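Thanks for coming. I'll take a few minutes to walk through one structure, and I'll keep to what can be read from the coordinates.

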Amino acid sequence: MNQKIEIKDVTPVKIHKPAGTDSHVASSRRIYVRAVEGVLENTRRLFGLIFMGLFAIAPWIEYQGSQAILFDLYEQRFNIFGMTLWPQDLTIVAYIFIVAAFALFFVTTFAGRVWCGFMCPQTTWTFIYIWFEEKIEGSRNKRIKLDQRKMDFDKFWRKSLKHFAWVAVALLTSLTFVGYFTEIDKLFVDFFTLEVSFWAGFSVLFFTFCTYGNAAYMREIMCTHMCPYARFQSAMFDKDTFTVAYDSGRGEKRGPRSRKMTSGQVAAKGLGDCIDCNLCVQVCPTGIDIRNGLQYECINCGACVDACNGVMDKMGYEKGLISFTSEHELKGGTTKIFRPKLIGYFVVLCIMTGLLITDIMLRSPLEVDIIKDRNSLFRENFDGEIVNVYTLKVLNKSQKTRNFTISVVGLNGARYDGETTVEVKGGGVFTLPVSVATMPENITERVTEFYFRVQTTDETGNIIAVEEESKFLYTDV
Ligand code: SF4
Ligand code: SF4
């Protein structure tokens, strides 16, 4: 009975507290990112420019007289450079998602979260916003002081200009994004002349708000607490995955020292190569200290690598105290590039890409739907023929107007009664009621299968034909 019950402290700890900030800053949970220069920073800028450029330019490209990329939700069709995807083309959309997923798995297994650090729009837009912050409010230390200061004219105009720039970027981003779903040139004109439709206007304002909120305020919170990718990435990591890591064997014991100290003096003090300058923490957009080991908040942006390499350079030490490396390499081994998991992802990626290309190549620019009239199974006309009625839908999946000829095959003595040639606009659907008749002696079964043949020719003169199965009913056999 005298046995004491062990008490465990379960006080909740802060989920995220930016490292390396003073008490005032830490309490506000604000991360003041310090600007950094280096190879990886330049690479990220290049990637950012390429992806942003593509994002901004793509909806303005015209192809065959219309917007090359248009995801028309109202008409339920996606136009991509002359190819129109309909809800019936779900397999292509599914293949695109599967290919994208396996590409991501492959890249993550090989090089960790480089997608997050170099290509993710959240990171790209966050860095754009930080760039404006830096240009308008100054360096990291100046920004911290500015925030601590009471409002004055200087602070007011800097803050106002920064928010104006952020809102302008958010608005342009949103207009471009919505421009993928509606005619972009008309959207820009209508929006700025206040003649935009309710839903288009609402979408633009909604995505402006989202962009501004994400890049200005959510920033690392989105990456660390909301993005699902951060949660399941660990399933793809292995000991040969290249990720940003600190070489503690080389860096510890960390500590400041004079640049003039010889290597012998440094060794005598038991110091490693880390001079504990905290720069790697100050440049980190997620506010972590990579020296504490691999953390799920790390987006592999490499900013700390650039910062530390700069410090190593100044100190006259070898670069690479923080680097893209694998766990095996950190422990003195070598990285195994060709490993079953990576090869597996690559093989599946190739197979799915092949299936996607095949599906696109074999995709018919024509689709036919046939609906049997449900009001009467059949009727007999004055000539004694048995007549079945259908509704035919001819879907022109190309973007050009085409003529389609319609006929019936596979039914003895069949007489097709309806338009034999129809003109259908690119991306249009033509619906026509038709009937098929034949004499009773030609029918031997209560249900006879036959085909509607719809045919057209493409630009090169090739015949494109679809034979869609249907049923002819006659119950008095
Ligand atoms: S620890 Fe380094 S690589 Fe990871 S997010 Fe921070 S700066 Fe980027
Ligand atoms: S930047 Fe390099 S030297 Fe400075 S604290 Fe980080 S790891 Fe140590």
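Lys253 is in the loop between helix H12, residues 248–251, and helix H13, residues 263–268. Look at the peptide bond that leads from Glu252 into Lys253: it is cis, with omega near -5°. Bear in mind that this is a predicted model, so that bond is a computed feature like everything else I'll show.

Two other backbone spots deserve a look. Phi of Asn300 is near 55°, a positive value in a residue that is not glycine. Asn300 is in the loop between H14 and H15. Is Asn300 buried or exposed? Its relative accessibility is 3%, and because buried means under 20%, Asn300 counts as buried.

The other spot is Leu194. This residue, also not a glycine, has a positive phi of about 60°. Leu194 lies in the loop between H8 and H9, just after the end of H8. Here the relative accessible area is 77%, so Leu194 is exposed.

While we're there, H8 itself. The helix covers residues 184–192, and its buried residues are Ile184, Leu187, Phe188, Asp190 and Phe191. What do the buried residues of H8 pack against? They pack against strand S2 (66–67), helix H7 (153–178) and helix H9 (198–218).

Now the core. The largest nonpolar core has 36 residues, and the members that touch the most others are Ile290, Cys304 and Ile322. Helix H4 (114–119), strand S6 (243–246), helix H14 (279–282) and helix H15 (303–315) each supply at least two residues of this core. H15 gives the largest share, eight residues. If we take Cys304 and set aside residues up to four places away in sequence, its contacts are Val244, Cys280, Val283, Ile290 and Ile322. There is also a second, separate core of 25 residues, with Leu392, Phe404, Leu432 and Val454 among them.

Next, the ligands. Ligand 1 is surrounded by 13 residues, and the closest are Cys284, Cys298, Cys301, Gly302 and Cys304. So Cys304 turns up again, since it is also one of the residues with the most contacts in the largest core. By class, the shell of ligand 1 has 10 nonpolar residues, three polar and no charged ones. The space that ligand 1 takes is the largest cavity.

Ligand 2 sits in the second largest cavity. Which residues surround ligand 2? They are Tyr246, Cys274, Ile275, Asp276, Cys277, Asn278, Cys280, Arg291, Cys308, Met312 and Ile322. This shell has eight nonpolar residues, one polar and two charged. Ile322, in this shell, is also among the best-connected members of the largest core.

Met312 leads us to Glu318. Leaving out residues up to four places away in sequence, Glu318 touches Arg250 and Met312. Glu318 is placed in the loop between H15 and strand S7, residues 322–325. With a relative accessible area of 64%, Glu318 is exposed. Asp273 is 45 residues from Glu318 in sequence, and the C-alpha to C-alpha distance is 9.0 Å.

Now helix H17, residues 340–362, where we find Leu356. Leu356 is buried, at 13% relative accessible area. Apart from neighbours within four places in sequence, Leu356 is in contact with Ile92, Tyr95, Ile96 and Val99. Val422, by contrast, is 66 residues from Leu356 in sequence and 31 Å from it in space, C-alpha to C-alpha.

Val347 is found in H17 as well. Why is Val347 called partly exposed? Partly exposed is what lies between the 20% and 50% limits, and Val347 has 40% relative accessibility. Val347 and Phe106 are 241 residues apart in sequence, yet their C-alpha atoms are 9.8 Å apart.

Last residue: Thr108, in helix H3, which spans residues 90–111. Thr108 has a relative accessible area of 0%, so it is buried. Its contacts, not counting residues up to four places away in sequence, are Tyr229, Met236, Phe237 and Thr241.

That's the tour. I'll take questions.

Terms used
Residues are numbered from 1 along each chain as its sequence is written. Chains are lettered from A and ligands numbered from 1 in the order in which they are written. This is a predicted model: local features need pLDDT of at least 70, side-chain atom pairs count only at pLDDT 80 or more; totals for chains, interfaces and linings use all residues. Side-chain values use heavy atoms; hydrogens and water are left out. A nonpolar core is a set of buried Ala, Val, Leu, Ile, Met, Phe, Trp, Tyr and Cys residues joined through side-chain atoms within 4.5 Å. Buried means under 20% relative accessible area, exposed over 50%, partly exposed in between (1.4 Å probe, protein chains only). Helices (H or I, at least four residues) and strands (E, at least two) are DSSP runs, numbered from the N terminus. Contact means heavy atoms within 4.5 Å. A residue is near a molecule or strand if one of its heavy atoms lies within 4 Å of it. On a 1 Å grid over the protein atoms alone, a cavity is a set of points where a 1.4 Å probe fits but cannot get out, and a pocket is an open set with protein on both sides within 12 Å along at least five of seven lines; lining residues have an atom within 4 Å of a point. A molecule sits in a cavity or pocket if more than half of its atoms lie within 2 Å of its grid points. Ala, Val, Leu, Ile, Met, Phe, Trp, Tyr, Cys and Pro count as nonpolar, Asp, Glu, Lys and Arg as charged, and the others, Gly among them, as polar.
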